[in-house]
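Subject: Structure handover

Hello,

Here is the structure for your files, with my notes below it. Please read the notes with the model open.

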Amino acid sequence: MSETIENTQPAMPRLNEPAPAFTAKTTHGEISLDDYRGKWLVLFSHPADFTPVCTTEFMAFAQRHEEFKALNTELLGLSIDSNYAHIAWVRNIKEKFGIDVKFPIIEDLSINVATAYGMIQPGASDTSAVRATFIIDPEGILRAMVYYPMTNGRSIDEFVRLVTALQTSDANACATPENWQPGEKVIVPPPATVDAAEKRESEGYEYTDWYFSKKSL
(Lines give C-alpha, C1' and ligand atoms only; values in the text may rest on other atoms or scores of the structure.)
Protein backbone atom coordinates (compact mmCIF):
# COMPACT_ATOMS: atom_id res chain seq x y z
CA MET A 1 0.00 0.00 0.00
CA SER A 2 1.22 3.49 -0.77
CA GLU A 3 1.48 5.93 2.10
CA THR A 4 0.41 9.54 1.78
CA ILE A 5 2.72 12.02 3.45
CA GLU A 6 1.01 15.24 4.43
CA ASN A 7 2.91 18.50 4.17
CA THR A 8 2.66 20.06 7.62
CA GLN A 9 4.77 23.09 6.73
CA PRO A 10 2.77 26.35 6.69
CA ALA A 11 2.27 28.02 3.33
CA MET A 12 4.92 30.58 2.46
CA PRO A 13 3.86 34.15 1.75
CA ARG A 14 3.63 34.94 -1.95
CA LEU A 15 4.52 38.03 -3.95
CA ASN A 16 1.73 40.32 -5.11
CA GLU A 17 -0.73 38.83 -2.62
CA PRO A 18 -1.86 40.30 0.74
CA ALA A 19 0.89 40.05 3.36
CA PRO A 20 -0.06 37.83 6.32
CA ALA A 21 -2.01 39.88 8.86
CA PHE A 22 -0.73 40.13 12.43
CA THR A 23 -1.20 41.93 15.71
CA ALA A 24 1.81 41.77 18.00
CA LYS A 25 3.41 43.22 21.09
CA THR A 26 6.39 45.45 20.27
CA THR A 27 8.82 47.81 21.96
CA HIS A 28 6.43 50.62 20.95
CA GLY A 29 3.26 48.91 22.18
CA GLU A 30 0.79 46.70 20.31
CA ILE A 31 1.02 47.01 16.54
CA SER A 32 -0.89 45.40 13.69
CA LEU A 33 -0.18 45.26 9.98
CA ASP A 34 -3.24 47.46 9.39
CA ASP A 35 -1.48 50.27 11.29
CA TYR A 36 0.78 50.67 8.27
CA ARG A 37 -1.96 51.14 5.69
CA GLY A 38 -1.05 54.05 3.44
CA LYS A 39 2.67 53.54 4.01
CA TRP A 40 5.31 51.18 2.72
CA LEU A 41 6.71 48.79 5.31
CA VAL A 42 10.04 46.98 5.57
CA LEU A 43 9.48 44.08 7.98
CA PHE A 44 12.70 42.26 8.82
CA SER A 45 13.64 39.44 11.17
CA HIS A 46 16.91 38.68 12.94
CA PRO A 47 18.05 35.48 14.69
CA ALA A 48 18.55 36.90 18.19
CA ASP A 49 19.16 40.00 20.29
CA PHE A 50 22.68 40.65 21.60
CA THR A 51 24.35 38.95 18.64
CA PRO A 52 27.06 40.74 16.65
CA VAL A 53 25.80 40.42 13.06
CA CYS A 54 22.27 41.43 14.08
CA THR A 55 23.67 44.40 15.98
CA THR A 56 25.42 45.68 12.85
CA GLU A 57 22.20 45.33 10.86
CA PHE A 58 20.07 47.13 13.42
CA MET A 59 22.56 49.97 13.61
CA ALA A 60 22.56 50.25 9.81
CA PHE A 61 18.75 50.26 9.64
CA ALA A 62 18.63 52.87 12.41
CA GLN A 63 21.12 55.08 10.58
CA ARG A 64 18.94 54.99 7.45
CA HIS A 65 15.63 55.34 9.29
CA GLU A 66 15.04 58.95 8.21
CA GLU A 67 15.88 58.05 4.62
CA PHE A 68 13.23 55.32 4.67
CA LYS A 69 10.72 57.71 6.22
CA ALA A 70 11.36 60.17 3.40
CA LEU A 71 10.21 57.36 1.09
CA ASN A 72 6.95 57.01 3.10
CA THR A 73 8.40 53.77 4.46
CA GLU A 74 8.42 52.46 8.03
CA LEU A 75 10.75 49.88 9.58
CA LEU A 76 9.65 47.01 11.81
CA GLY A 77 12.02 44.43 13.29
CA LEU A 78 11.27 40.98 14.73
CA SER A 79 12.98 38.17 16.59
CA ILE A 80 11.91 35.30 18.79
CA ASP A 81 12.94 37.18 21.94
CA SER A 82 11.00 38.85 24.72
CA ASN A 83 10.09 42.50 24.71
CA TYR A 84 12.38 42.97 27.73
CA ALA A 85 15.32 41.52 25.76
CA HIS A 86 14.54 43.87 22.87
CA ILE A 87 14.43 46.89 25.19
CA ALA A 88 17.70 45.91 26.88
CA TRP A 89 19.39 45.38 23.51
CA VAL A 90 18.21 48.70 22.09
CA ARG A 91 19.48 50.45 25.23
CA ASN A 92 22.80 48.62 24.92
CA ILE A 93 23.20 49.68 21.28
CA LYS A 94 22.64 53.30 22.27
CA GLU A 95 25.07 53.03 25.22
CA LYS A 96 27.87 51.13 23.45
CA PHE A 97 27.59 52.46 19.89
CA GLY A 98 25.78 55.78 20.27
CA ILE A 99 23.00 54.79 17.86
CA ASP A 100 19.34 55.24 18.75
CA VAL A 101 17.04 52.54 17.35
CA LYS A 102 13.73 54.39 16.98
CA PHE A 103 11.65 51.80 15.10
CA PRO A 104 9.65 49.09 16.91
CA ILE A 105 10.69 45.45 17.33
CA ILE A 106 8.12 42.65 17.53
CA GLU A 107 8.20 40.21 20.43
CA ASP A 108 7.44 36.85 18.79
CA LEU A 109 7.87 34.27 21.52
CA SER A 110 4.88 32.41 20.10
CA ILE A 111 6.59 32.39 16.64
CA ASN A 112 3.18 33.15 15.12
CA VAL A 113 4.42 36.02 12.96
CA ALA A 114 7.68 34.28 12.09
CA THR A 115 5.80 31.17 10.99
CA ALA A 116 3.26 33.10 8.90
CA TYR A 117 6.09 34.81 7.03
CA GLY A 118 8.27 31.74 6.59
CA MET A 119 11.02 33.17 8.78
CA ILE A 120 11.64 29.80 10.44
CA GLN A 121 13.81 27.71 8.12
CA PRO A 122 14.39 24.21 9.59
CA GLY A 123 17.55 23.77 7.55
CA ALA A 124 19.03 26.80 9.31
CA SER A 125 17.31 26.83 12.72
CA ASP A 126 14.14 25.51 14.33
CA THR A 127 14.15 28.09 17.11
CA SER A 128 15.38 31.33 15.53
CA ALA A 129 14.21 33.43 12.63
CA VAL A 130 16.58 33.68 9.68
CA ARG A 131 17.45 37.06 8.20
CA ALA A 132 14.28 37.59 6.19
CA THR A 133 13.15 40.93 4.77
CA PHE A 134 9.70 41.75 3.40
CA ILE A 135 8.62 44.89 1.55
CA ILE A 136 4.89 45.55 1.86
CA ASP A 137 3.15 48.31 -0.08
CA PRO A 138 0.56 50.83 1.19
CA GLU A 139 -2.28 48.47 0.26
CA GLY A 140 -0.83 45.66 2.38
CA ILE A 141 0.45 43.70 -0.64
CA LEU A 142 3.72 41.81 -0.34
CA ARG A 143 5.96 43.16 -3.10
CA ALA A 144 9.39 41.69 -2.34
CA MET A 145 11.03 39.23 0.03
CA VAL A 146 14.68 38.37 0.54
CA TYR A 147 16.19 35.66 2.76
CA TYR A 148 19.76 35.69 4.04
CA PRO A 149 21.67 32.97 5.90
CA MET A 150 22.31 33.20 9.63
CA THR A 151 26.00 33.94 9.11
CA ASN A 152 25.87 36.94 6.77
CA GLY A 153 24.44 40.40 7.24
CA ARG A 154 22.19 42.22 4.79
CA SER A 155 22.97 45.30 2.73
CA ILE A 156 20.64 48.08 3.83
CA ASP A 157 21.59 50.03 0.71
CA GLU A 158 19.83 47.38 -1.35
CA PHE A 159 16.55 47.77 0.53
CA VAL A 160 16.60 51.55 0.14
CA ARG A 161 17.28 51.00 -3.57
CA LEU A 162 14.57 48.35 -3.90
CA VAL A 163 11.86 50.44 -2.22
CA THR A 164 12.80 53.37 -4.46
CA ALA A 165 12.72 51.14 -7.55
CA LEU A 166 9.32 49.68 -6.65
CA GLN A 167 7.85 53.13 -6.10
CA THR A 168 9.32 54.33 -9.40
CA SER A 169 7.89 51.36 -11.31
CA ASP A 170 4.46 51.90 -9.77
CA ALA A 171 4.42 55.61 -10.54
CA ASN A 172 5.71 55.33 -14.11
CA ALA A 173 4.51 51.94 -15.41
CA CYS A 174 8.07 50.87 -16.12
CA ALA A 175 10.70 48.34 -15.05
CA THR A 176 14.19 49.05 -13.74
CA PRO A 177 17.41 47.38 -14.90
CA GLU A 178 20.04 45.66 -12.79
CA ASN A 179 21.28 47.86 -9.94
CA TRP A 180 19.14 50.78 -11.15
CA GLN A 181 19.72 54.01 -9.24
CA PRO A 182 17.47 57.11 -9.10
CA GLY A 183 18.09 59.37 -12.08
CA GLU A 184 19.08 56.54 -14.41
CA LYS A 185 17.00 55.48 -17.39
CA VAL A 186 14.23 52.92 -16.91
CA ILE A 187 13.08 50.05 -19.12
CA VAL A 188 9.96 50.48 -21.24
CA PRO A 189 7.66 47.43 -21.05
CA PRO A 190 8.04 45.40 -24.26
CA PRO A 191 5.20 45.51 -26.80
CA ALA A 192 2.60 42.76 -26.60
CA THR A 193 1.65 42.47 -30.28
CA VAL A 194 3.46 42.14 -33.61
CA ASP A 195 2.07 45.50 -34.77
CA ALA A 196 3.31 47.22 -31.61
CA ALA A 197 6.73 45.60 -32.01
CA GLU A 198 6.97 46.98 -35.55
CA LYS A 199 6.26 50.50 -34.29
CA ARG A 200 8.60 50.43 -31.27
CA GLU A 201 11.70 51.75 -33.09
CA SER A 202 9.86 54.92 -34.16
CA GLU A 203 8.38 55.75 -30.75
CA GLY A 204 11.26 57.91 -29.55
CA TYR A 205 12.79 55.65 -26.92
CA GLU A 206 16.47 54.70 -26.58
CA TYR A 207 15.98 51.72 -28.86
CA THR A 208 18.13 48.58 -28.96
CA ASP A 209 15.59 46.06 -30.22
CA TRP A 210 11.81 45.68 -30.22
CA TYR A 211 11.84 44.11 -26.76
CA PHE A 212 14.58 46.31 -25.22
CA SER A 213 14.11 50.06 -25.00
CA LYS A 214 14.88 52.62 -22.31
CA LYS A 215 13.65 56.10 -21.47
CA SER A 216 14.42 58.91 -19.08
CA LEU A 217 11.85 59.95 -16.49
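Ile135 stands opposite Ala144 in strand S7. This is a predicted model, and the pairing in question joins S6 to S7 (residues 142-148) by six bridges, with the strands running antiparallel. Five residues lie between the two strands of this hairpin, and Gly140 there takes a positive phi near 80°.

S6 also pairs with strand S3 (residues 40-45), again in the antiparallel sense, over four bridges. On that side, Leu43 stands opposite Phe134 in S6.

How much of S6 is buried? Six of its six residues are, so the strand is largely enclosed by the rest of the structure. The side chains split by direction: Arg131, Thr133 and Ile135 point one way, Ala132, Phe134 and Ile136 point the other way, and all are buried.

Thr133 sits in S6, which covers residues 131-136. Its relative accessible area is 1%, so Thr133 counts as buried, the cut-off being under 20%. The side chain of Thr133 makes a polar contact of 3.0 Å with the side chain of Arg154. Leaving out residues up to four places away in sequence, Thr133 touches Val42, Leu43, Phe44, Ala144, Met145, Val146, Arg154 and Phe159.

Next, helix H1. This helix has twelve residues, 52-63. At 1.5 Å a residue the expected span is 16 Å, because the rise is multiplied by one less than the number of residues. The end C-alpha atoms of H1 are 17 Å apart, which agrees. Buried residues in H1 are Cys54, Thr55, Glu57, Phe58, Met59, Phe61 and Ala62.

On cysteines: Cys54 is buried, with a relative accessible area of 0%, and Cys174 is buried at 9%. The count of disulfides comes to zero, taking a disulfide as a pair of cysteine sulfur atoms within 2.5 Å.

Last, Pro191. Where is Pro191 placed? Pro191 lies in the loop between strand S8 (186-187) and helix H6 (194-199). Despite the loop position, Pro191 counts as buried, at 11% relative accessibility. Apart from neighbours within four places in sequence, Pro191 is in contact with Ala196, Ala197, Arg200 and Trp210. Pro191 and Thr55 of H1 are 136 residues apart in sequence and 47 Å apart in space, C-alpha to C-alpha.

Regards

Key
Residues are numbered from 1 along each chain as its sequence is written. This is a predicted model: local features need pLDDT of at least 70, side-chain atom pairs count only at pLDDT 80 or more; totals for chains, interfaces and linings use all residues. Side-chain values use heavy atoms; hydrogens and water are left out. Buried means under 20% relative accessible area, exposed over 50%, partly exposed in between (1.4 Å probe, protein chains only). Contact means heavy atoms within 4.5 Å. A polar contact is a pair of N or O atoms within 3.5 Å; within protein, one must be able to donate a hydrogen and the other to accept it, and residues adjacent in sequence count only if both atoms are side-chain atoms. Two strands pair if DSSP finds at least two bridges between them.
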